[in-house]
Structure formats: structure tokens, C-alpha cells
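Dear colleague,

I am passing on the structure we spoke of, and I would be glad if you could look through it with the notes below beside you.

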Amino acid sequence: MQKREQISDFGISPSLRIVGPGLLLALGTGISSVASANELSVTPWKEGWALGGHAGQAVHETVKSGEAFNPFVWDFQDYYIVSSGLQKELVDFWGYSKLYTEANVSYIFGDEHYFETFLTPSISWEPFPWDDVLDTTAYLGVGISYTSETSRLDHSGEHWMASMIFELEVQPDSWGPWSLYGRIHHRSSAYGTFGDDGGGSNIPSLGVRYHFGQ
């Protein structure tokens, strides 16, 4: 695992306004740590595979408000997830960013019981200034999700919905091929693309991933 967003203040929670500038500074500093010799490259089929598993619990807070990213305000729902995903690195963009895709199977239980599968391509940000101490990667993914049952958790009545993943992964040198990641898995109608405009769910999770060949 090797390693700019412009937003207005409108609709952004105060906590994000505080954290945002610091994150941008960290990203900018991290750029200097990437060797200039890195090139755009397609990852060979036999390389860049990883298998991860995570578990978590759904919350009422939303991604749109930004509160889904703040664990201090989470109001948990009686929905839990255990999940496994196979990740493949596809393209390396000069060492700054990489394109991945992930096929995932999840079991959701609690108030309801059903399975979910999704296929979610994601883009990563690789260079962080502290990578020499703790290798860190941030991911944003957008894809498609299918559930075996329509769920009250989504408030949509739809099997097919859009999927998004927001993830931060860390890989200490002493862990070898193993890494730890925190993720919010988001399901939504994608502004009415799937059913009526509305509905969705957010499930913060914590997991571990094994990177083959490292």
C-alpha cells in the first residue's frame, strides 16, 4: 500500500470546517513524500489483491449533514453488519492515487435479517506526511448495492440502491501484510436514481484486511 476538495461553508457542520483545513494541509504536505519517479501504471492481474472483513452497527446520522463521520454524536440503531470484501487494485496514478474495485457480501441482522452484496469502485489518496511512521490510505467509492430483502433501515422499499464507501486504512510496518480500516458504508437512492428521492442507511464499521503478496 503506497502512497483536493473545495467546499463552501454552506451545509457543512462546524466540526468539518475545523477539521477540513488541517486535512488539506496534511494532504499537501504528503505530496512531497511521493517520489517523482512514480508513473501511471496498470496493476497486473496477479497483483494488488486484498481480502478484508469488518463489523459495525447502523446509525441514524447522515452523510449529508456530516454527523455520520462524528462518532461522538452517533445514535445507534438495532441493525448490525458482518461483512467480507475482495479488493483489487487496478491503476496507480503516479503514486498519488489508485483506482480499486471491491466485491462485497454482507449479512445485516437485528430488527431485520437479510443479505447485501455490492460492487463498488473506489479512488484512493495515498501520500500522507506520517506514512514513514504509519502508512495511511483514504478511500472514496461509488457503486451499486443489492439486498435480498427490502429493509426498513433504508426507508426506500428498494432492493437496488447506490452504494458509497468512506474509508481510512492504516498499515503499521510491524503488521506486515495486515491493515486496519474504519469505514462508513452508505446506501442511498442517489437523488431518485433508485426509486423515490430519499431513503438510505449509514453503517460505521471497523475491520482488518490482508494484502496478498506483501
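What follows goes from the overall make-up to the strand pairing and then to one loop residue.

Please keep in mind throughout that this is a predicted model. The secondary structure of the protein consists of one helix and nine strands, and, read from the N terminus, the order of the elements is α-β-β-β-β-β-β-β-β-β. Of its 214 residues, 42% count as buried, while the accessible surface amounts to about 11,700 Å², with 63% of that area belonging to carbon and sulfur atoms.

As for the pairing, strand 5 (residues 114–125) and strand 6 run antiparallel and are joined by eight bridges, and within this pair T117 stands opposite Y146 of strand 6. Strand 6 also pairs with strand 7, again in the antiparallel sense, over twelve bridges, and here A138 has L168 of strand 7 opposite it.

The loop between strand 6 (135–147) and strand 7 (160–171) holds E149, which I looked at separately. Is E149 buried or exposed? With a relative accessible area of 45%, E149 falls between the two and is partly exposed, because the buried class ends at 20% and the exposed class begins over 50%. Leaving aside residues up to four places away in sequence, E149 touches H113, Y114 and H159. In the case of Y114, the C-alpha atoms of the two residues are separated by 5.9 Å, although they lie 35 residues apart along the chain.

With best regards

How values were computed:
Residues numbered from 1 in each chain as written. Predicted model: local features only at pLDDT ≥ 70, side-chain atom pairs only at ≥ 80, totals over all residues. Heavy atoms only, no water. Helix = DSSP H or I, 4+ residues; strand = E, 2+ residues; numbered from the N terminus. Buried < 20%, exposed > 50% of the residue type's maximum accessible area, 1.4 Å probe, protein only. Areas by Shrake-Rupley, 256 points an atom, 1.4 Å probe, with all protein chains shown as cover. Contact = heavy atoms within 4.5 Å. Pairing = 2+ DSSP bridges.
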